[in-house]
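Hi there,

Here is the structure I promised to pass on to you. Have a look at it first, and then read my notes on its charged side chains below.

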Amino acid sequence: QVQLVESGGGLVQAGGSLRLSCAGVGHTLYTMGWFRQAPGKEREFVAVMAWISGSTYYSDSVKGRFTISRDNAKNTVYLQMNSLKPEDTGVYYCGTLANVNARTADYWGKGTLVTVSS
């Protein structure tokens, strides 16, 4: 089975930046995405990158602030988060998607907590 490990979460002030990492994606042909879940809320789509083409798509709430990227040498997918807002707070998960148009994942990491203070 696919093994994904997220890292890079933490506490940051509003307006700050964090870079999340998802390790363990090498030699898999999955489209990769990032999702987040706030307390008491449903897990929601954040960003996706097609593994082969590199095409990227973002939710409207993060468009222009977040960037998904990958480093094949490190077998890692990243989520660069800039201009963070308190409403960005939640547990962030990377996952493997069936295709770039999917908005849920087949395999998940265990998540990393991002807390944005006012």
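**Salt bridges in the model**

Let's begin with R36 and E44, whose side chains meet in a salt bridge, with 2.7 Å from N to O. Please keep in mind that this is a predicted model. R36 is buried, because its relative accessibility is 6% and the cut-off for buried is under 20%. Its partner E44 counts as partly exposed, at 37% relative accessibility.

A search of the whole structure finds four salt bridges, and two others are worth a look.

One of them joins R65 and D88, whose side chains come to 2.8 Å, again counted from N to O. R65 sits in the loop between β6 (56–58) and β7 (66–71), while D88 sits in the loop between β8 (76–81) and β9 (90–97), so this pair ties together parts that are 23 residues apart in sequence. Both partners are hidden from the surface: R65 is buried with a relative accessible area of 11%, and D88 is buried with 0%.

How are R36, E44, R65 and D88 linked? These four residues belong to a network of salt bridges, so try showing them together on your screen.

The other pair is D60 and K63, which form a salt bridge whose closest N and O atoms are 3.1 Å apart. Here D60 is exposed, with a relative accessible area of 67%, and K63 is partly exposed at 49% relative accessibility.

Happy exploring, and write back with any questions!

Best wishes

Technical notes:
Residues are numbered from 1 along each chain as its sequence is written. This is a predicted model: local features need pLDDT of at least 70, side-chain atom pairs count only at pLDDT 80 or more; totals for chains, interfaces and linings use all residues. Side-chain values use heavy atoms; hydrogens and water are left out. Buried means under 20% relative accessible area, exposed over 50%, partly exposed in between (1.4 Å probe, protein chains only). Helices (H or I, at least four residues) and strands (E, at least two) are DSSP runs, numbered from the N terminus.
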